[in-house]
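Biologist: Before I rely on any description of this assembly, I would like to hear what stands behind the words that are used for it. Could we take the terms one by one?

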Amino acid sequence: MNLYDIIFYIFAAITVVSGVITVTSKNIIYAAFSLLFTFFGVAGMYVLLGADFISIVQIIVYVGGILILLLFGVMLTNKVTSTDIKSGSVNVLPAVIGVALFAGALISIIIRTKWTETPGEIPLSTAGTLGSVLLNEYVIIFELLAVLLLIALIGAASIARRTKEETN
Amino acid sequence: MLTEFGKIFVFILLAVFFVLIAFFLAKLIRPSRPTREKLETYECGENPEGSPWVRFNLRFYVVALIFIIFDVEVVLLFPWALSYQDYGIYGFLVGIIFLLVLGLGMAYEWRKGDLEWARPKQIPPKLKKIKEELTEAVME
Amino acid sequence: MYDIILDFTGNEILSMFISAALPLFMFILPFALVAVLAERKVSAFMQDRLGPTRVGPKGLLQTVADILKLFQKEDIVASNADKKLFNLAPILVFAGSFAVFAAIPFSGAYIGTFADVGIFFVVAISSLVVAGILMAGWASNNKYSLLGAVRSAAQIISYEIPTALVILSLVMLAGTLNLYELTEMQTEYFWNWYIFGGPATGIQKILLIPFMIVGFIILYISTLAEVNRTPFDIPEAESELVAGYHTEYSGMKFAIFFLAEYANMFAVSAIVATLFFGGFQSPFGYLGDLFGVEWLIPIEQFGWFTVKGLFFVFVQMWLRWTLPRLRVDQLMTMCWKYMIPYAFVNLIIIGIISLI
């Protein structure tokens, strides 16, 4: 086991353990903050895969954006500390079936994929390569992403506006 | 061989170690005599009143929402900025269309007032009416 | 630098730790010592006071005394606070602030990492600080802390967008994200600095200058907001929120927050200097070149870097005692209605010029 394997297992452990805490924690703030470590662990794994740009994107979007949004969302809900947040189990059977199906699909994909060992060379700059790929093969997708973001922006704002009117 | 990213990781680890060592050293030196009053939440010397969980202005949430969209946009533009010059005017237009579509979203938000922060409504003093009353009084 | 240490010790991990420790012990801690005193002296000078004079000659040892005091202070964790998160928050904030220094080139001989993502990493890792601040505010279970933390987070994330847009326009010109390469492009004389249009030539350079100045102003204002300095200090407005998100912190934990704040102040100044003012490059040749002394150049470069960084830190202090604090609504209006649209337009214009 070389250094890389050890680092990989550390990151994997961080991701899995904090993920489990996120799901099982009774305190909603603990759940939100352990997500921070999940995101961080995933970013570390991207680095190990040689995807440096993606790992930074993971931090900037998930830690910097989604997590903050989640925390704001939690903070907006009234009296988090005084009321116990219910985290019992309901609908156990459908959940088990759903999870089993999903896990089965994942495992079958993992088994069927022909895994190849890529040579250890880490691509020098993935950001620049990504840019030229975006401008060549995926131009349409790039522009569609802009439209998607526009829709998300308008949708998010109008939902927020409606909630605001209701609360006022 | 440590990669360049490994070095970043070392920086983060070092910062964590530094803080932990500082905490440990301080723990050896400092006194610890907690009393009930000392451990109370600080509220300018008064007894804490109610929970700190006041309902926050919803604006904070909306700001975070809009931020995520623009964040993703900037993230997508970074690879473009690195390589658009190889494609000349075509590369530039691709990015500009992307930017303009989001500029449209920005304009929409602006027009709809989502960028406004809630402010107390100002009630301008009614000077004019008093003036009229005064003139009426004088006239009489 | 890493290579030299590697030759010396022969162990990769050990040499990496030493190399990473250099900016912390050789730079940030001495800088904080000087800057805290400078802040008080500058403010005293601007308000026609004397400032600290008792400890050491002319009060020069004031910060040392402060640190000794903070070391001995009792660590009070309010009984209502959430202890785990309360202790974790300073670590997170400091780690986020310190990691930024990995991507900053201190001189031709020292940069923490040559990773290609450079400046993009700097923008990203500051989000760790936001998470830490929110954690501190929540764990304190105090009204002031929570309000300060939420305000601070909203402010930092809002101003991240104009910052990123200005950086984006520079990346468009430079074609690299690495701050070291960016600095190398601005070499030789000061008119190669990006504030004067960078290494471009002819009509392109002349056209670029006004838009570069606009970009610089936007970047400087938004970095001010990102480190919560006046006029954007509503997160820790002492007259309304006591001390913002670190109201409940005492002793060493407070000291760590303070250190992180000063480290941040220098980090953003260094980034502004690196992006627009040539980083560690001298504005006019090196003495080392003149006398043919090879080893003098990195030292000179480090000197220039420090001077430029400290100048912008000084401007931050200057502004603190010059401008009044903005209101929350003014702050958000400033960001969303002025800075972002201007940065947008600036980006497009710079893009057009770069095609000429």
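What follows is a conversation about how the chains touch and about the terms used to describe them.

Modeller: Please keep in mind throughout that this is a predicted model.

Biologist: What makes H2(B) and H6(C) roughly parallel to each other?

Modeller: The axes of helix H2 (residues 59-83) of chain B and H6(C) come within 10 Å and cross at roughly 20°. Angles under 35 degrees count as roughly parallel, and H2(B) and H6(C) are therefore given that description. The crossing of these two helices, H2(B) and H6(C), is also left-handed.

Biologist: Which residues of H2(B) and H6(C) make the contact?

Modeller: From H2(B) they include B:Phe60, B:Phe67, B:Val74 and B:Leu82, and from H6(C) they include C:Val150, C:Ser158, C:Leu165 and C:Met172.

Biologist: How do you know which class of residue prevails in the contact of H2(B) with H6(C)?

Modeller: By class, that contact of H2(B) with H6(C) has 19 nonpolar residues, 1 polar residue and no charged residues. Ser is not among the types that count as nonpolar or charged and therefore falls under polar, and C:Ser158 is one of the residues that H6(C) brings to the contact.

Biologist: What makes up the contact between chain C and chain B as whole chains?

Modeller: On the chain C side 61 residues are in contact, and they meet 49 residues of chain B. Helices H2 (12-46), H3 (62-72), H4 (83-99), H5 (118-140), H6 (143-174), H10 (251-276) and H13 (328-355) of chain C each give two or more residues to that side, with the largest share, 12 residues, coming from H6(C). Sorted by class, the side of chain C that touches chain B has 39 nonpolar, 14 polar and 8 charged residues.

Biologist: Which elements of chain A give two or more residues to the side that touches chain B?

Modeller: They are helix H3 (52-76), helix H5 (126-136) and helix H6 (139-167) of chain A, and H6(A) gives the most, with 18 residues. In total, 45 residues of chain A are in contact with 41 residues of chain B, and the chain A side divides into 29 nonpolar, 11 polar and 5 charged residues.

Biologist: Why is chain B written as α-α-α-α?

Modeller: The secondary structure of chain B comes to 4 helices and 0 strands, and its elements are listed from the N terminus on. For chain A, with 6 helices and 0 strands, the corresponding run is α-α-α-α-α-α.

Biologist: What share of the residues counts as buried in chain B, and what share in chain A?

Modeller: A residue is called buried if 20 or more other C-beta atoms lie within 10 Å of its own. On that basis 34% of the 140 residues of chain B count as buried, while buried residues make up 27% of the 168 residues in chain A.

Biologist: How do you know that domain 1 and domain 2 of chain C touch?

Modeller: Chain C is divided into domain 1 (23-72) and domain 2 (73-355), the bounds coming from an automatic or database domain assignment. Two residues are in contact if their C-beta atoms lie within 7 Å, and 18 residues of domain 1 of chain C are in contact with 17 residues of domain 2 of chain C. On the domain 1 side, H2 and H3 of chain C each supply at least two residues, and the largest share, 12 residues, comes from H2(C).

Key. Residues are numbered from 1 along each chain as its sequence is written. Chains are lettered from A and ligands numbered from 1 in the order in which they are written. This is a predicted model: local features need pLDDT of at least 70, side-chain atom pairs count only at pLDDT 80 or more; totals for chains, interfaces and linings use all residues. Axes are lines fitted to C-alpha atoms, for helices over the stretch in contact, and angles run from 0 to 180 degrees between N-to-C directions. Angles under 35 degrees count as roughly parallel, over 145 as roughly antiparallel, 65 to 115 as roughly perpendicular and the rest as oblique. A crossing is left-handed if the near helix is turned anticlockwise from the far one by less than a right angle, and right-handed if clockwise. A residue is buried if 20 or more other C-beta atoms lie within 10 Å of its own, exposed if 12 or fewer, and partly exposed in between; C-beta atoms are placed from the backbone.
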